[in-house]
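The following note sets out points for a colleague who has the sequence and the coordinates at hand. Please read each point alongside the view of the structure.

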Amino acid sequence: MTARLRRLFQPKSIAVVGGGTWCRNVIEQSRRFGFAGPIWPVHPSKSDLEGERAYRSVKELPAPPDATFIGINRHATVKTVGDLAALGAGGGICFASGFQEAQQQDSTGPAL
């Protein structure tokens with residue numbers, strides 16, 4: 001396995017971007033599977049999720065995460081992935097909608 005994939009598949013740190021039920025499930029399942037590293041929720045208005053301190057943006061994380069679970073709208077996802085890349089983060093798993101299935105134009109730009 002390459003070093004790049006190892007960071008994603010064998011992470012030492014995890015970030016979870018969003019705040020829905022799936023976010024809580026990622027944190028809970030990570031603990032259940034015995035993940036011992038830091039879990040960093042990212043949410044612009046919550047101070048914690050599932051007992052973990054939440055950060056307002058990925059730019060505020062204490063270090064680049066090895067694996068990031070992203071569950072936010074498509075426009076925010078694209079920006080967040082760019083921010084993570086700039087930080088030197090590992091891989092990401094996106095739970096986002098509004099990409100291929102978004103065929104109409106909206107006020108923020110053309111359909112992707």
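1. Which strands does helix α2 lie across, and at about what angle does the helix run to β1? In this predicted model, α2 (residues 21-32) lies across β1, β2 and β5. The helix runs at about 160° to β1.

2. Helix α3, formed by residues 74-87, should be examined next. Helix α3 lies across β1, β5 and β6, and its direction is at about 170° to that of β5.

3. As to overall content, the protein chain holds 3 helices and 6 strands. Followed along the sequence, these elements give the pattern α-β-α-β-β-β-β-α-β. The chain has 112 residues, of which 36% count as buried. Among contacts with a separation of 6 or more, 57% come from residues 24 or more positions apart.

4. The sheet deserves a point of its own. It is an open sheet of 4 strands with parallel pairing, in the order β2-β1-β5-β6. The edge positions belong to β2 (39-42) and β6 (91-94); each has a single partner strand, so one side of each is left without a neighbour in the sheet. From one strand to the next, the twist averages 15°.

5. The pairing of β1 with β2 is parallel and consists of 4 bridges. Within this pair, Ala15 stands opposite Trp40 in β2. Between the two strands the chain passes through α2, and the resulting β-α-β crossover is right-handed.

6. Strand β2 is covered on both faces. Ile39 and Pro41 are buried on one side, while Trp40 and Val42 are buried on the other.

7. Towards the other edge, β5 (residues 67-70) pairs with β6 in the parallel sense, again through a set of 4 bridges. One of the residues involved is Ala67, whose bridge partner in β6 is Gly91.

8. Ser13 merits inspection. This residue lies in the loop between α1 (3-9) and β1 (14-17). Its relative accessible area is 7%, which is under the 20% limit, and Ser13 is therefore buried. The side chain of Ser13 reaches the backbone nitrogen of Asp66 at 3.1 Å. Leaving aside residues up to four places away in sequence, Ser13 touches Phe35, Pro38, Trp40, Pro64, Pro65, Asp66 and Ala67. Two of these neighbours have appeared above: Trp40 stands opposite Ala15, and Ala67 has Gly91 as its bridge partner.

9. Glu50 should be checked for its backbone geometry. Its phi is near 50°, a positive value in a residue other than glycine. Glu50 is placed in the loop between β3 (48-49) and β4 (52-53). With a relative accessible area of 33%, Glu50 is partly exposed.

10. How many disulfides does the structure hold? The count is 0. Cys23 and Cys94 may nevertheless be considered in turn. Cys23 has 0% relative accessibility and counts as buried, whereas Cys94, at 41%, counts as partly exposed. Cys23 falls within the residue range of α2 (21-32), and Cys94 falls within that of the edge strand β6 (91-94).

How values were computed: Residues are numbered from 1 along each chain as its sequence is written. This is a predicted model: local features need pLDDT of at least 70, side-chain atom pairs count only at pLDDT 80 or more; totals for chains, interfaces and linings use all residues. Side-chain values use heavy atoms; hydrogens and water are left out. Buried means under 20% relative accessible area, exposed over 50%, partly exposed in between (1.4 Å probe, protein chains only). A disulfide is a pair of cysteine sulfur atoms within 2.5 Å. A polar contact is a pair of N or O atoms within 3.5 Å; within protein, one must be able to donate a hydrogen and the other to accept it, and residues adjacent in sequence count only if both atoms are side-chain atoms. Contact means heavy atoms within 4.5 Å. Two strands pair if DSSP finds at least two bridges between them. Axes are lines fitted to C-alpha atoms, for helices over the stretch in contact, and angles run from 0 to 180 degrees between N-to-C directions. A crossover is right-handed if, with the strands pointing away from the viewer, the path from the first strand over the helix to the second runs clockwise.
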